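Trainee: I'm new to reading protein structures. Could you walk me through one, feature by feature?

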Amino acid sequence: MVLTDFSVNSGAVFTEAIGSDRLDLLTDYPFTRLANLLAPISPRANVSPMVLTVGEPQHTPPAILEETLRATASGWNKYPPVGGTPEFRAAVGDWLTRRYDLPAGLLHADSSVLPLSGTREALFMLALLAVPTRKAGRQPAVLMPNPFYAPYEGAAVMAGAEPVFLSATRETGFLPDLDALTPELLERTALFYLCTPANPQGAAATPAYLAKAIGLARQYGFVLAVDECYAEIWLDAPPVGALQVAASLPHADGKPWANLLVFHSLSKRSSAAGLRSGFVAGDPALIGRFSRLRSYGCAGMPLPVLAASTALWRDEAHVEENRAAYRAKFAAAEAELGGRYGYYRPAGGFFLWLEVGDGEEAAKRLWAEGAVRVLPGAYLSRNNPGEPNPGDAFIRVALVQDTDTVAQACASIVRILG
Ligand SMILES: Cc1ncc(COP(=O)(O)O)c(C=O)c1O
């Protein structure tokens, strides 16, 4: 379960270690590794590349985004306030209360919400907030699912913690098995990243699962960070959220969000990855400390972006349109891939996690023979000593292009991989 060998560094461009030796413990970022893998391969002529690697929605963002940016352009010459604006916090608080059916007034947006310039930077910075020098007299541990969103590992390593990769395979419902966590590990755990719906597998945690994770965080005194960036991209039913579960637990001490932070983004919900807009919400004590830390190191969300984000969190029509578009893409994918490569309909997100035998080999063949670009699953996961890498046999396919391209790409996958 615990990784000790950080030897994979396909870039190997450093002649001499300058500065942080922790950085050398990290592999190249997954997309750098993919670029290195595919660089020597030229796809067959006359086929337009179909890029299904990055989780970057290609739908046009709603018009209110641009309109609001234009209407608030006088704010570009102001430094962004770390805490955002009261209007932004209120829009987020109202959205969370609506989306997760929170009891009215339970979430105090002014003390429980911070704007983020996209969630990636904050998921990374979070480790600086959550990881002490020692925990239970030992090196702190940061838990994460395996496979995982790469910044979790980067954050853990750069904060001086040990990243602990918890297998999230078909056998465990594509989420880490919480019952397998030992008290020895939990005692030195400083931070636990959970992702639901999960990237890449699309599994959504149940209320019981989230309640258990929250309980462990409180019992062992660590921060539970629930990455809910894909919460609004779902096919059949809206995935439950961690705040929703926390609200339903007994909280006689008046601290419903203790130890808990959730992360949400407009990148997927509003097809606005370039806006760099998200938020973190939850435990006011942690939010207060995060605000202090972020005063030193965050980019801050510019006032026009705060205004546009406020408008987007208050609008649901474009999100429903988005979901309908993803449903069409999944239908197209399922028509081609159903019954093959362990295809299943994910609870959320827009990825396919396909079992193809050898993910790296499949990615090379798909690029060479069909100009289809996908990500080997192994680039999103690690192998713990004595265990197989849970991503080795998989490829991740992002259904972010238009439906015709998705259908064509999936047909190519079947033609090439058989
Ligand atoms: C699981 C997960 N979390 C967070 C993010 C970051 O999104 P952003 O920084 O655009 O909010 C991504 C982006 O792909 C993601 O897949």
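**Reading the model together**

Mentor: Let's start with Ser-291, which has a relative accessible area of 22% and is therefore partly exposed. Keep in mind that this is a predicted model.

Trainee: Why does Ser-291 count as partly exposed?

Mentor: The idea is to sort residues by relative accessible area: buried means under 20%, exposed means over 50%, and partly exposed is in between. Ser-291 comes out at 22%, so it goes in the partly exposed class. You'll find Ser-291 in helix α11, residues 284-297.

Trainee: How far is Ser-291 from Thr-405, counting along the chain and then through space?

Mentor: Along the chain, 114 residues separate Ser-291 and Thr-405, and their C-alpha atoms are 43 Å apart. Try the pair Gly-274 and Glu-56 too: they are 218 residues apart along the chain, with 9.2 Å between their C-alpha atoms.

Trainee: Where is Gly-274, then? And is Gly-274 buried or exposed?

Mentor: Look in the loop that runs between α10 (266-269) and β8 (278-282). Gly-274 has 72% relative accessibility, so it counts as exposed.

Trainee: What about backbone angles? Which residue in that loop has a positive phi without being a glycine?

Mentor: Phi is one of the backbone angles you can check residue by residue. In the loop between α10 and β8, take Arg-276: its phi is near 55 degrees, a positive value in a residue other than glycine. Arg-276 counts as partly exposed because its relative accessibility is 33%. Another case is Tyr-341, with a positive phi of about 50 degrees although it is not a glycine. Tyr-341 sits in the loop between α13 (317-337) and β9 (351-355).

Trainee: Is Tyr-341 buried or exposed?

Mentor: Buried: the cut-off is under 20%, and Tyr-341 has a relative accessible area of 12%.

Trainee: Where do I find cis peptide bonds?

Mentor: For these you read the angle omega. A cis peptide bond joins Asn-146 and Pro-147, with omega about 10 degrees, and another joins Thr-196 and Pro-197, with omega about -10 degrees. Pro-147 lies in the loop between β3 (141-146) and α6 (150-158), while Pro-197 is in the loop between β5 (189-195) and α8 (207-220).

Trainee: Now the ligand. Which residues are closest to it?

Mentor: Begin with the neighbours. There are 14 residues around the ligand, and the closest are Asp-227, Tyr-230, Ser-265, Ser-267 and Arg-276. You've already met Arg-276, in the loop between α10 and β8. Sorted by class, the shell has five nonpolar, five polar and four charged residues.

Trainee: Which side chains put a polar atom by an oxygen atom of the ligand?

Mentor: Three to look up: Thr-119 has a polar side-chain atom 2.7 Å from a ligand oxygen, Asn-199 has one at 2.8 Å from a ligand oxygen, and Ser-265 has one at 2.7 Å from a ligand oxygen. Taken alone, the ligand exposes 390 Å², and the protein buries 92% of that.

Trainee: What kind of space does the ligand take?

Mentor: The ligand's space is the largest pocket. The elements giving two or more residues to the shell around the ligand are α5 (119-130) and α10.

Trainee: Which element gives the largest share of the shell?

Mentor: That's α5, with three residues.

How values were computed:
Residues numbered from 1 in each chain as written. Predicted model: local features only at pLDDT ≥ 70, side-chain atom pairs only at ≥ 80, totals over all residues. Heavy atoms only, no water. Helix = DSSP H or I, 4+ residues; strand = E, 2+ residues; numbered from the N terminus. Buried < 20%, exposed > 50% of the residue type's maximum accessible area, 1.4 Å probe, protein only. Near = heavy atom within 4 Å. Polar contact = N/O pair within 3.5 Å; in protein donor to acceptor, adjacent residues only side chain to side chain. Areas by Shrake-Rupley, 256 points an atom, 1.4 Å probe, with all protein chains shown as cover. 1 Å grid on protein atoms, 1.4 Å probe; cavity = no way out; pocket = protein on both sides within 12 Å on 5 of 7 lines; lining within 4 Å. Sits in = over half its atoms within 2 Å of the grid points. Nonpolar A, V, L, I, M, F, W, Y, C, P; charged D, E, K, R; others polar.
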